[in-house]
Amino acid sequence: MWAEAVKVGKEQHAKGDLKDIQYGTAGFRTDAKLLDHVMYRMGILAVLRSKLKQAAIGVMLTASHNQEKDNGVKLVDPKGEMLEQTWESLATTLANAKDDELETVLEDIVKSQGIDLSLPSSVFVGRDTRQSSPALAQAVLDGIQSVEGCVIDCGIVSTPQLHYLVVCQNTKGEYGEASTKGYYSKISKAFKAFRGNNPVNGKYSPKLMFDGANGVGAQKMKEFLTFLGDSIQMEIVNDGTQPGDVLNADCGADFVKVQQTSPKGLKETRGERCVSVDGDADRVIYFYNDKESGQFAMLDGDRIATLVAEFLKDMLDQAKVSLNLGIVQTAYANGSSTNYITQKLNVPVACVPTGVKHLHHKAQDFDIGVYFEANGHGTIVFSDAAQAKIRETAASSNSIQAQKLAHLVDVINQTVGDAISDMLLVECILHAKGWSIEDWRQAYQDLPNRQMKVRVADRNVISTTDAERKVVTPKGLQDEIDALVKKFPQGRSFVRPSGTEDVVRVYSESDTQDNADQLAYEVGLKVH
Ligand code: NG1
Ligand code: ZN
């Protein structure tokens with residue numbers, strides 16, 4: 001069974017003495033040069049998982065918002081979720097096995113998981129636009145073929161498109177047609193049906209500027225526009241086609257969120273509604289530069305979550321559909337958003353550790369779970385019963401709200417956070433309310449905040465609890481953070497090891513930007 005896999009592994013995709021690597025928050029992610037053998041082995045692992053689950057499995061090659069020289073790979077489970085936790089450690093063991101141990105490790109996985117190797121498999125492989133991606137995707141295909149797995153090569157797709165394709169395949173088309181055309185048609189049809197014929201409403205204008213991070217988001221947005229027609233007017237910048245365009249360099253959702261400034265190409269805009277997506281188009285951030293003052297203002301994942309939750313709640317009330325709705329956030333959510341949710345919206349809010357898998361999982365506790373990381377990664381999940389109730393009410397009553405809700409459900413890519421689908425959802429809501437982006441920003445005022453990266457010898461000496469809001473080790477560090485936080489009005493700060501970069505992240509909030517910066521700086525010094 002393994003002869004070919006071992007031979008090709010040794011001859012073409014050897015690990016040699018490359019250093020070990022760990023399946024983290026977003027799969028394996030590091031310098032692209034270190035990943036060839038990992039890709040090959042993940043191709044094999046995906047086949048095994050597909051045989052076990054008797055369903056299609058996805059393999060997405062991307063390093064999202066990381067710099068161009070990095071790459072990464074993550075496996076997508078049958079319902080579009082991130083890979084199950086026990087398999088994360090199998091993935092780590094397989095990736096780090098010596099070339100001579102490959103057969104033994106594969107044999108162990110098959111035995112421990114009770115995999116019937118005679119069953120068929122199907123693996124959907126997608127990649128982002130990085131220069132290293134075609135060769136690394138070939139390594140994945142080689143892995144799949146070495147164990148005679150069946151591969152569906154999706155070429156360049158956004159991460160959320162790959163999740164969508166896997167789910168469509170596994171629901172036999174119930175969620176939609178398993179093709180990118182199916183994806184564009186489903187969402188654009190629902191978008192147009194929701195908004196009706198007039199793209200303008202009140203202070204809402206259909207014009208917006210789109211920063212594609214010089215990545216797949218720009219390419220896919222262009223394809224999407226051919227389906228959206230005149231319902232939206234968009235100018236795309238940072239589309240990766242100009243000389244000197246580099247993926248995620250001075251642009252994209254992560255740059256805008258962390259630097260709290262406009263990306264290149266949009267610095268001079270005033271009064272325009274702008275969006276930035278990240279390198280694999282699963283995160284979205286809105287922003288604008290004020291008409292008069294030119295001052296930058298950002299509307300992040302917390303804003304999207306509150307906008308969507310408030311709108312859905314109103315629509316459900318008006319349609320007289322009773323469903324429970326909740327919001328899931330992480331410690332990075334701005335304190336003002338959490339106050340707004342609990343005090344103004346009266347919606348339950350849960351806080352979970354960083355990483356979509358935690359948010360997605362928790363969101364499933366509600367009939368309608370709205371989950372967003374502050375960085376703009378998130379979506380809304382509807383239970384089967386909730387969807388059935390909305391569709392039944394839409395079909396059996398004259399409630400326009402229920403009909404609109406039913407369309408909105410189809411604008412949303414429930415399989416995973418999706419920058420473009422989330423953006424279209426926001427555009428639907430702003431249109432329905434007749435709101436400008438300034439109107440949207442009136443809901444609450446963000447507390448000034450700062451995110452910082454600190455490089456340390458071993459980031460894993462820091463462990464945390466309480467959804468990462470409290471440090472457990474090293475001992476004494478939490479007391480030091482508490483003492484610093486007390487010195488700052490409305491202070492809040494926490495630290496945690498990143499799951500995607502070799503850094504410790506520091507987050508702080510306070511009443512002024514200077515205080516937030518100072519608090520982050522002082523906490524950062526304690527981490528060193
Ligand atoms: P890490 O590096 O573990 O902080 C980052 C993001 C996550 C998530 C993952 C996956 C922040 C603070 N962290 O994780 O939210 O998006 O990348 O891409 O934004
Ligand atoms: Zn991403």
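Is Ala 406 buried or exposed? I started the notebook with this residue, working on a predicted model.

**Entry 1: Ala 406**

I located Ala 406 in helix H14, which covers residues 400-411. I then looked up its surroundings and found 21 other C-beta atoms within 10 Å. The cut-off for a buried residue is 20 or more, so I wrote Ala 406 down as buried. Leaving aside neighbours within four places in sequence, I listed its contacts as Ile 390, Arg 391 and Ala 394. I also checked a pair distant in sequence: Phe 194 is 212 residues from Ala 406 along the chain, and I noted 8.8 Å between their C-alpha atoms.

**Entry 2: nonpolar cores**

I turned next to the largest nonpolar core and noted 134 residues in it. Which of these residues touch the most other members? I found Met 42, Val 140, Val 308, Val 370 and Val 411. Helix H10, residues 301-319, gives the most to this core, and I recorded 10 residues from it. In soluble globular proteins, nonpolar side chains tend to be buried together.

I followed up Met 42. Not counting residues up to four places away in sequence, I have it touching Val 59, Val 73, Leu 75, Ala 91, Val 140 and Gly 143. I also found a second, separate core of 17 residues, with Ala 331, Ile 481, Val 495 and Leu 519 among them.

**Entry 3: strand E3**

Val 73 and Leu 75, both on the contact list of Met 42, led me to strand E3, residues 70-76. I noted the strand as mostly covered, with 7 of its 7 residues buried. I sorted the residues by direction: Asp 70, Gly 72, Lys 74 and Val 76 point one way, while Asn 71, Val 73 and Leu 75 point the other way. I recorded that all of them are buried.

Which way does strand E1 run relative to E3, and how many bridges join them? I found E1, residues 28-31, to be antiparallel to E3, with 4 bridges. Within this pairing I noted Arg 29 with Gly 72 as its bridge partner. I looked up strand E2, residues 57-61, in turn; E2 and E3 are joined by 4 bridges and run antiparallel. Here I have Gly 58 standing opposite Val 76.

**Entry 4: ligand 1**

I finished with the shell around ligand 1 and noted 14 residues. I listed the closest as Ala 26, Asn 375, Ser 498, Gly 499 and Thr 500. How many residues of the shell are nonpolar, polar and charged? I recorded 2 nonpolar, 9 polar and 3 charged.

How values were computed
Residues numbered from 1 in each chain as written. Chains lettered and ligands numbered in written order. Predicted model: local features only at pLDDT ≥ 70, side-chain atom pairs only at ≥ 80, totals over all residues. Near = placed C-beta within 6 Å. Nonpolar A, V, L, I, M, F, W, Y, C, P; charged D, E, K, R; others polar. Core = buried A, V, L, I, M, F, W, Y, C linked by C-beta atoms within 7 Å. Buried ≥ 20, exposed ≤ 12 C-beta atoms within 10 Å, placed from the backbone. Helix = DSSP H or I, 4+ residues; strand = E, 2+ residues; numbered from the N terminus. Contact = placed C-beta atoms within 7 Å. Pairing = 2+ DSSP bridges.
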